[in-house]
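Visitor: Hey, got a minute to walk me through this one? I'd like to get a feel for the fold and the ligand site.

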Amino acid sequence: MILPLNQYHKHKNFSGGSKEYQPLKSFIQKDALLFQDGCIAQTYIVADDNMREDKNKPIDTFPFKILGYITLTCSQVNLKEYDLGDCVRASSYEFLPAVKIARLAVDSNNRTSGIGSMLFEYALLMSLDDIRPMVGCRFLITDAKKSAMEFYSKKGMELLDTEENKSADHPIMFIDLFTLIES
Ligand SMILES: CC(C)(COP(=O)(O)OP(=O)(O)OC[C@H]1O[C@@H](n2cnc3c(N)ncnc32)[C@H](O)[C@@H]1OP(=O)(O)O)[C@@H](O)C(=O)NCCC(=O)NCCS
């Protein structure tokens, strides 16, 4: 089950795993709600509804453990010479509209069980079906950790093919939402 983050969720229990991922732990524990309240970035969590044994207890205030989370924000991207097809005149803009996966993390005890995929697909469908038709948004992007590039690649994201990007610490990866619209 995916829910918008709220103050009742157990932020403090999230385990990031190795030192490399401590900023992802720190973000969910300290910053995510503040970013949300400040309209900077919205976080969604995966929770297990079996934890709510008494189904009379309201979902909204239940202290769910956070199995994984994704944080989304409005963004823009410079994809250099990217071919926009018939939309040639838009190619003159340096930046194109995008939804950005600002954070994505699964609790270290719950990895490789599909939770990351569930969150990624939630963000992709939201971008494609809800955001894009309402405001115009061509890409879903992320600044990928090197260790997560294969995961994103499996999810259909492409690596921006420039030498500068390929050698960056967090290379830009993207999906062109236009290519996913059913004709
Ligand atoms: C990367 C991450 C979000 C993936 O979530 P997950 O729940 O473990 O992944 P899933 O179970 O949905 O895996 C989907 C597929 O990706 C693969 N995969 C998952 N993590 C991977 C990784 N780090 N490297 C390579 N492949 C990976 C899985 O094996 C699976 O492959 P399959 O479809 O062929 O079976 C999670 O491992 C994580 O939180 N990592 C640490 C933080 C991080 O790197 N976040 C990304 C920030 S840019």
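Guide: Sure. One cut-off before we start: a residue is buried if 20 or more other C-beta atoms lie within 10 Å of its own, exposed if 12 or fewer, and partly exposed in between. Also, keep in mind that this is a predicted model.

Visitor: OK, let's try that on S26. Buried, exposed or partly exposed?

Guide: S26 has 13 other C-beta atoms within 10 Å, so it is partly exposed. You'll find S26 in helix 1, residues 22-37.

Visitor: And how far apart are the C-alpha atoms of S26 and N50?

Guide: They are separated by 27 Å, with the two positions 24 residues apart along the chain.

Visitor: Now the sheet. What's the strand order?

Guide: The order is 1-2-3-4-5-7-6, in an open sheet of seven strands with mixed pairing. Strand 1 (2-4) and strand 6 (158-159) are the edge strands, each pairing on one side only.

Visitor: Which way does strand 4 run against strand 3, parallel or antiparallel?

Guide: Antiparallel, over ten bridges. As an example, L72 has I101 in strand 4 as its bridge partner.

Visitor: And on the strand 5 side, how many bridges does strand 4 make?

Guide: Four, and strands 4 and 5 run parallel. There, A98 is bridged to F139 of strand 5. To get from strand 4 to strand 5 the chain passes through helix 2, and that β-α-β crossover is right-handed.

Visitor: What about strands 6 and 7, parallel or antiparallel?

Guide: Antiparallel, joined by two bridges. E158 has F174 in strand 7 as its bridge partner.

Visitor: Why would you call strand 4 largely enclosed?

Guide: Because ten of its eleven residues are buried, strand 4 is largely enclosed by the rest of the structure.

Visitor: Switching to the largest nonpolar core. How many residues are in it?

Guide: It has 40, and I66, F139, L140 and F174 have the most contacts inside it. Several elements each supply at least two residues, including helix 1, strand 3 (68-77), helix 2 and strand 7 (172-176). Strand 4 gives the largest share, eight residues.

Visitor: Zooming in on I66, what does it touch?

Guide: Leaving out residues up to four places away in sequence, I66 touches H9, K10, H11, F14, I28, I45, A47 and D107.

Visitor: Now the ligand. Which residues are closest to it?

Guide: R111, G116, S117, A148 and E150, out of 20 residues that surround the ligand. Strand 4 (96-106), helix 2 (115-135) and helix 3 (149-154) each supply at least two residues of that shell.

Visitor: How does the shell split by class?

Guide: There are nine nonpolar, seven polar and four charged residues in the shell.

Visitor: Last topic, backbone angles. What's the phi of C39?

Guide: Phi of C39 is near 60°, a positive value in a residue other than glycine. C39 sits in the loop between helix 1 and strand 2. With 9 C-beta neighbours inside 10 Å, C39 counts as exposed.

Visitor: And K80, what's its phi?

Guide: K80 has a positive phi too, about 60°, although K80 is not a glycine. Its place is the loop between strand 3 and strand 4. K80 has 11 C-beta neighbours inside 10 Å, so it counts as exposed.

Notes
Residues numbered from 1 in each chain as written. Predicted model: local features only at pLDDT ≥ 70, side-chain atom pairs only at ≥ 80, totals over all residues. Near = placed C-beta within 6 Å. Nonpolar A, V, L, I, M, F, W, Y, C, P; charged D, E, K, R; others polar. Core = buried A, V, L, I, M, F, W, Y, C linked by C-beta atoms within 7 Å. Contact = placed C-beta atoms within 7 Å. Pairing = 2+ DSSP bridges. Right-handed = clockwise from strand over helix to strand, strands pointing away.
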